[in-house]
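Biologist: Could you take me through the salt bridges of this model, one by one? I would like to know which residues pair up and where they sit.

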Amino acid sequence: LLKYFIQGNMNFGQSISYCFSNYFNFNGRGSRSEYWWFILFTMILELGGSVWDASMGDTSGNGFMYWSAFAATLFPSIAAASRRLHDVNKSGWWQLIAFTIIGLIPLIIWLASVGEKKKNKFGQPIKLR
């Protein structure tokens with residue numbers, strides 16, 4: 001299952017580097033590997049922040065280090081999801097359906113789907129290795 005999500009043109013380190021260097025880039029298309037490796041990184045970073053907070057006595061799970069990690073990765077995560085949705089020919093604005101909770105289902109399906117093999121209104125297809 002993991003291989004399905006990360007199939008693409010980037011590894012873990014490349015994805016982190018690319019997403020931070022495109023912090024506010026909401027244009028173009030993004031591969032599954034770019035998106036899912038970065039999401040894994042954000043989850044690890046936020047977990048690390050929670051562990052750090054707990055080691056300092058804040059057991060709420062929402063301490064300063066957790067929120068620092070969340071804030072540092074918020075915009076690159078939204079930008080990566082926008083590029084990922086563009087790859088399946090959807091607007092990045094579709095991320096807003098996550099606020100309906102039930103909207104998470106189609107959103108996750110789109111984020112995990114194979115991108116279009118032809119040019120769409122968001123650009124050329126991504127070349128996979």
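Modeller: Happy to; here is a walk through the salt bridges and their surroundings.

This is a predicted model, so local features need pLDDT of at least 70 and side-chain atom pairs count only at pLDDT 80 or more, while totals for chains, interfaces and linings use all residues. Residues are numbered from 1 along each chain as its sequence is written, and side-chain values use heavy atoms, with hydrogens and water left out.

A search of the whole structure finds three salt bridges, a salt bridge being a side-chain nitrogen of Lys or Arg within 4 Å of a carboxyl oxygen of Asp or Glu. Let's start with Glu-34 and Arg-83, whose side chains meet at 2.7 Å, N to O. Glu-34 lies in helix H3 and Arg-83 in helix H4, so this pair ties together parts that are 49 residues apart in sequence. Helices here are DSSP runs (H or I, at least four residues), numbered from the N terminus. Both partners are buried, meaning under 20% relative accessible area with a 1.4 Å probe, protein chains only: Glu-34 has a relative accessible area of 2%, and Arg-83 has 1%.

The surroundings of Arg-83 are worth a look too. Leaving aside residues up to four places away in sequence, Arg-83 touches Tyr-18, Cys-19, Asn-22, Asn-25, Asn-27, Gly-28, Arg-29, Gly-30 and Glu-34, where contact means heavy atoms within 4.5 Å. One of these, Cys-19, belongs to the buried residues of helix H2 (residues 12-21), together with Ser-15 and Ile-16. What covers the buried residues of H2 includes helix H3 (32-55) and helix H4 (64-87).

Next comes Arg-29, whose side chain meets that of Asp-87 in a salt bridge of 2.9 Å, N to O. Arg-29 lies in the loop between H2 and H3 and Asp-87 in helix H4, so the pair ties together parts that are 58 residues apart in sequence. Arg-29 is buried with a relative accessible area of 9%, and Asp-87 is buried with 5%.

Asp-87 has another partner: Asp-87 also forms a salt bridge with Arg-84, the closest N and O atoms being 2.8 Å apart. Being three residues apart in helix H4, Asp-87 and Arg-84 are separated by about one helical turn. Arg-84 is buried, as is Asp-87. Put together, Arg-29, Arg-84 and Asp-87 are linked in a network of salt bridges.

Arg-84 also leads on to helix H5, where Leu-111 has its place. Arg-84 is among the residues that Leu-111 touches, along with Arg-32, Tyr-35, Trp-36, Ala-81 and Leu-85, not counting residues up to four places away in sequence. Leu-111 is itself buried, with a relative accessible area of 4%.

Methods. Buried < 20%, exposed > 50% of the residue type's maximum accessible area, 1.4 Å probe, protein only. Helix = DSSP H or I, 4+ residues; strand = E, 2+ residues; numbered from the N terminus.
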